[in-house]
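Welcome! Open the model in your viewer, and we will walk through it one selection at a time.

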Amino acid sequence: MKLLIKLLAVFSVVYAVSALMSRARVKPPFAFLSTALISLLGTVGDRVLMPKMNRTTAAATDSLLIAASLLGANKLSGGGSRVPWPYIGAVSTILGGFEALYHEWIYNRGRYQDAAKQDEEGRIIH
Amino acid sequence: MTSPRVTCYVNTCTHFVAGNLCGARNIDIMHEEETRMAQIDDHTMCKTYHEASGVTSYLGSMDNVNWSGTAAEMVLPGHHLDPSVSCTVASCKYWAEGRLCVAPSIEVTGALANECQDTNCRTFESRGEVTFG
Ligand code: SF4
Ligand code: SF4
């Protein structure tokens, strides 16, 4: 479910920004490839790396990964789409912001802080 | 013999996967002190804990990664990722000959741990008859 929401968000942003930006034009192969790359890399990052990073570093790393994925998808999809730098910048920033919120949804940092406190108290009681 | 399900709360370990899972291929549960048999769960630890502190820490723990399980968990979340468990805590009632753990599931605790001694097998239950060595 959470993964599906991520896929839909990425796909819509990839299309919506190109619709709003006259210099950009996105074709289906690029949209599908970039959605797949961003979501796959993002999911691995979210599950394996993000819990060990602070909030800002995690969102910034995601933005960089998104920009790299867009460039990669543009190459792999044969270059039929027009993805200028402002487009890459806008999509990476918007999706970076989305990721910052998404991280809070999938990983509750406070719970681990509380658990650590409880462990510590448990140790004192023992 | 199947290994127990592993739920882990040690969010600072390179093997930790959000969702309280462990992405290691195998974990070693041991007595915290070599010369003292564990009597309570705080006396146990996950020796496989590897502190996540930059890229090198991930490279250092790559030889013990459950690659296929982790990949499956990424695309089909929820299938549960369980490492094999090798345990030397013979004072635990779930322990069996051959470094086995016969508990159906175990919980490894130690959120915000900095070293393996900060982690514990919360499922430990004393056999009762073992005395300090
Ligand atoms: S502390 Fe042990 S059980 Fe937890 S993620 Fe690390 S290796 Fe796995
Ligand atoms: S429950 Fe007992 S036997 Fe199983 S891993 Fe924990 S300490 Fe070892």
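Start with the whole of chain A: a compact globule of 126 residues would have a radius of gyration near 14 Å, but chain A has 18 Å (taken over C-alpha atoms; the globule rule is 2.2 Å times the number of residues to the power 0.38). Turn the C-alpha trace along its principal axes, where it spans about 65 × 20 × 20 Å.

A word on the source: this is a predicted model, where local features need pLDDT of at least 70, side-chain atom pairs count only at pLDDT 80 or more, and totals for chains, interfaces and linings use all residues. Residues are numbered from 1 along each chain as its sequence is written, chains are lettered from A and ligands numbered from 1 in the order in which they are written, and side-chain values use heavy atoms, leaving out hydrogens and water.

Next, switch to a cartoon: chain A has five helices and zero strands (DSSP runs of H or I, at least four residues, or of E, at least two, numbered from the N terminus).

Now select helix α3, residues 55-76 of chain A. Its 22 residues should span 32 Å at 1.5 Å a residue, and the end C-alpha atoms are 31 Å apart, which agrees (the expected span is 1.5 Å times one less than the number of residues).

Zoom in on the start of α3(A), where a side-chain oxygen of A:N54 comes to within 3.2 Å of the backbone nitrogen of A:T56. Just after α3(A), look for A:G78, with its positive phi of about 90°.

Key: A polar contact is a pair of N or O atoms within 3.5 Å; within protein, one must be able to donate a hydrogen and the other to accept it, and residues adjacent in sequence count only if both atoms are side-chain atoms.
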